[in-house]
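Colleague: Got a minute? I'd like to talk through this structure with you.

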Amino acid sequence: MKKIYRFLFILSLFVLSVPVLGAQSFEGLQSLKGLSLNGATGLYTIPSGRIGWEQSSNLGLDLGYHAIFADPANHLVKINVSLFKWVEISGAFDFQRDHSSASDDYKPNNDFILGGKLQLPVTNTAVAIGGNVQFIDIGNRSSSYYRTVGQIYLAATYPGSFFKMPSETTVTIGYSFREYNNSNINFGMGFDLLLFPNILDRYVHWLVDFSNYSYSDDAQGAEAEWRGCLNTGIRIDLSAIPALNKFKLVLDVMLVDAFDQNRTFSVGAVFGFAVL
């Protein structure tokens, strides 16, 4: 296991050191900045090196919602505030099915994730340090289900191209602070590819990310405990419509944990606007 961690660490350093191909800014990708499942600006599971309104507003507000159609579905309600074009604060409520065994008397099974991110002054590549605190089963403080988990990470996002289609690659590496020792070292990688911009303009993005951790320590429908978690799907940027270009309006349709037999679907939306 130590050899695997060493390999992933070396791989992440290599990826970050590779010269960027086609590193010019692409407005379509840079205006997207959707929210990950836990409320941070990013892909599906992994945060990116970007801030929600990093180039356009000193105070930006994003509101998001995702449903994961496990059995039954759980609902993630999110808020993300961008400050001074280089700081963000996020929060996410994860409403899950109640515990149903006799010992816990149908107690609620809801989590709250509080996160923050600081973007570093690096050119060409967006680099951010961040973290979150996860309050697992906040309604069950007197039971064994309640716990607090912390995570810190470094995320780097850089532009490129794939078959002449603009893309962004994100690499994250971090550490989780938890009571039990199970994959405490976090690694994730993902891609955001603008599909056929000559035909579809800036509307349709294909996203894929893979990580050995999920959006929280109590993820439902997107577990990464055994083999990691791969998510993929389409992100639609409705702010590409001229009448909506002052807002952020993003729609997500994705396959969650696509490589495992408990794979499921998720849909979501993000609406944002610049306050100042």
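Colleague: How do Asp 252 and Arg 235 meet?

Modeller: Their side chains meet in a salt bridge, 2.7 Å from N to O. A salt bridge here is a side-chain nitrogen of Lys or Arg within 4 Å of a carboxyl oxygen of Asp or Glu.

Colleague: And where do Asp 252 and Arg 235 lie?

Modeller: Asp 252 lies in strand β11 (residues 247-256) and Arg 235 in strand β10, so the pair ties together parts 17 residues apart in sequence. Strands (E, at least two residues) and helices (H or I, at least four) are DSSP runs, numbered from the N terminus.

Colleague: Is this model predicted, and what are the ground rules?

Modeller: This is a predicted model: local features need pLDDT of at least 70, side-chain atom pairs count only at pLDDT 80 or more, and totals for chains, interfaces and linings use all residues. Residues are numbered from 1 along each chain as its sequence is written, and side-chain values use heavy atoms, with hydrogens and water left out.

Colleague: Back to the pair. Are Asp 252 and Arg 235 buried or exposed?

Modeller: Both Asp 252 and Arg 235 are buried. Buried means under 20% relative accessible area, exposed over 50%, and partly exposed in between (1.4 Å probe, protein chains only).

Colleague: How many salt bridges are there in the whole structure?

Modeller: The search finds 6. One of them joins Lys 117 to Glu 88, with the closest N and O atoms 3.8 Å apart. That pair links distant parts of the chain: Lys 117 is in strand β4 (residues 109-120), Glu 88 is in strand β3 (residues 87-96), and they are 29 residues apart.

Colleague: How accessible are Lys 117 and Glu 88?

Modeller: Lys 117 is buried, at 3% relative accessible area. Glu 88 is buried too, at 2%.

Colleague: What does Arg 147 pair with?

Modeller: Asp 217, in a salt bridge of 3.1 Å from N to O. Arg 147 sits in strand β6 (residues 147-162), and Asp 217 in the loop between β9 (204-211) and β10 (229-237), 70 residues away. Asp 217 is buried, at 15% relative accessibility.

Colleague: Why would such side chains pair at all?

Modeller: Side chains of opposite charge can pair when their charged atoms come close.

Colleague: New topic. How many helices and strands does the chain have?

Modeller: It has 3 helices and 12 strands.

Colleague: And how much of the chain is buried?

Modeller: Buried residues make up 51% of its 276 residues.
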